[in-house]
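Me: Could you take a close look at one part of this model for me, and then show me how the rest is put together around it? I am in my first year, so please go step by step.

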Amino acid sequence: MFFSLQGKVAIVTGGASGIGLAIARRLAAAGARVAIADRNDAAPVAAEIGGMALRVDVAVEDQVAALVATVVERLGAPDILVNNAAIQPLGVGFDDLTPALVERAFAVNVHGVAYGIKHAARAMRDGGRILNTASFIGLIGAPRAAVYGPTRAAVVQQTRLAAMELAPRAITVNCVCPGTVATPAVTGIPDNPEIPFLEKMTPLGRLAQPDEVAAVFHFLASPEAAYLTGAVIPVDGGITAGWREHDVIAPPQVREGRWVE
Ligand SMILES: NC(=O)c1ccc[n+]([C@@H]2O[C@H](COP(=O)([O-])OP(=O)(O)OC[C@H]3O[C@@H](n4cnc5c(N)ncnc54)[C@H](O)[C@@H]3O)[C@@H](O)[C@H]2O)c1
């Protein structure tokens, strides 16, 4: 079977909801034994996919170290780590920043990724896979993303740096930058004005479904992706390529077959 993960052990952080949940389901369907690490209860998901649920706050290094140790003990050395857990404080401009918000966002979204890389890489066999979830807002500007955007940009750079460091062990490190995805973080906001705006701006004209993002993680986790490392892959309906096609009227000299040199 192509892209088989039979016999692999995977850890997915933030796997109780949204994109992480879709990734956990995909990896399990491809044959992996999946540990779902979340600050919320992931037991129902674990029961559904035949995986294991572990409560963890990825911002706390000791908890991440304990997570990896538990997985090693109960499932074996991890082959795949997906650093996906994050908080998404959007609508926050520079004027809104407080130390508590900045510190928590970086603790979860950036330090959590660093701890995951550190402890999983130590426990992992050579040839493993580390996959990070960043965001299109780590690649281009978006309004009022004064703390979330920088945390996602940091993950892009963590991906490259870890890829360099772990290449001698053939551990690949890649990151996916989703566009706007129909997850509770987005659809759970009543009358979220971001949704119609992004549908209008995104070249493909719609939000992503979580599984469309998870499919790329599945490929990156697979043996077939062995030569891909340090890559930053937008799965964003084209929004980092440019905004959606709309009626731009050609100037008269073009329409009339003339052009001014
Ligand atoms: N939804 C989008 O439009 C979108 C777009 C681009 C990038 N992303 C990224 O995708 C990832 C997942 O987002 P989502 O939309 O699926 O979010 P979500 O809120 O549906 O799920 C996030 C999960 O992470 C868990 N989590 C949060 N903080 C945690 C912590 N400290 N420790 C452990 N678990 C924690 C939550 O409990 C939740 O289960 C994030 O990295 C986010 O930045 C999302």
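**A loop residue and its surroundings**

Reply: Let's start with R125, which sits in the loop between α4 and β5. Keep in mind that this is a predicted model. R125 has 13 C-beta neighbours inside 10 Å, and therefore counts as partly exposed; a buried residue would need 20 or more, and an exposed one 12 or fewer. Now look at what lies beside R125 in space. P78 is 47 residues away along the chain, yet the C-alpha atoms of R125 and P78 are separated by 7.3 Å. With neighbours within four places in sequence left aside, R125 is in contact with A77 and D79.

Step back a little along the chain and you meet G76, just after α3, with a positive phi of about 110 degrees. Helix α3 itself runs over residues 61–74, and its 14 residues reach 20 Å from the first C-alpha to the last, close to the 20 Å expected at 1.5 Å a residue. Four of its residues, V64, L67, V68 and V71, are buried. Seen down the axis of α3, the buried residues fall within an arc of 90 degrees, so they line one face of the helix. The spacing has a simple background: an α-helix has 3.6 residues a turn, so residues three or four places apart point the same way. On the other side of α3, you will find D62, A69, E73 and R74 exposed. The buried residues of α3 pack against β1, β2, β3 and α4, and α4 is also the helix before the loop that holds R125.

Helix α8, residues 210–221, makes a good companion to α3. Its end C-alpha atoms are 17 Å apart, which agrees with the 16 Å that twelve residues should span at 1.5 Å a residue. Here P210, V213, A214, F217, H218, L220 and A221 are buried. They cover an arc of only 165 degrees around the axis, which puts them on the same side of α8. Against them pack β1, α1, β4, β5, β6 and β7; β5 is the strand after the loop of R125.

Next, the interior. In soluble globular proteins, nonpolar side chains tend to be buried together. In this model the largest nonpolar core has 71 residues, and those with the most contacts inside it are A10, V12, A24, L27, V34 and I36. Take A24 as an example: beyond its neighbours within four places in sequence, A24 is in contact with V12, G15, V34, I36, V45, I49 and G51.

There is a ligand too, with 29 residues around it, of which G14, S17, G18, A86 and T183 come nearest. The elements giving two or more residues to this shell are α1 and α6. By type, the shell divides into 14 nonpolar, twelve polar and three charged residues.

Finally, here are two more loop residues to set beside R125. R144 lies in the loop between β5 and α5, and its phi is near 55 degrees, a positive value in a residue other than glycine. With 15 other C-beta atoms within 10 Å, R144 is partly exposed. A170 is placed in the loop between α5 and β6, and its phi, near 60 degrees, is also positive in a residue other than glycine. A170 has 12 other C-beta atoms within 10 Å and is therefore exposed.

Technical notes
Residues are numbered from 1 along each chain as its sequence is written. This is a predicted model: local features need pLDDT of at least 70, side-chain atom pairs count only at pLDDT 80 or more; totals for chains, interfaces and linings use all residues. The expected span of a helix is 1.5 Å times one less than its number of residues. The arc is that of the directions from the helix axis to the C-beta atoms. Two residues are in contact if their C-beta atoms, placed from the backbone, lie within 7 Å. A residue is near a molecule or strand if its C-beta atom, placed from the backbone, lies within 6 Å of it. Ala, Val, Leu, Ile, Met, Phe, Trp, Tyr, Cys and Pro count as nonpolar, Asp, Glu, Lys and Arg as charged, and the others, Gly among them, as polar. A nonpolar core is a set of buried Ala, Val, Leu, Ile, Met, Phe, Trp, Tyr and Cys residues joined through C-beta atoms within 7 Å.
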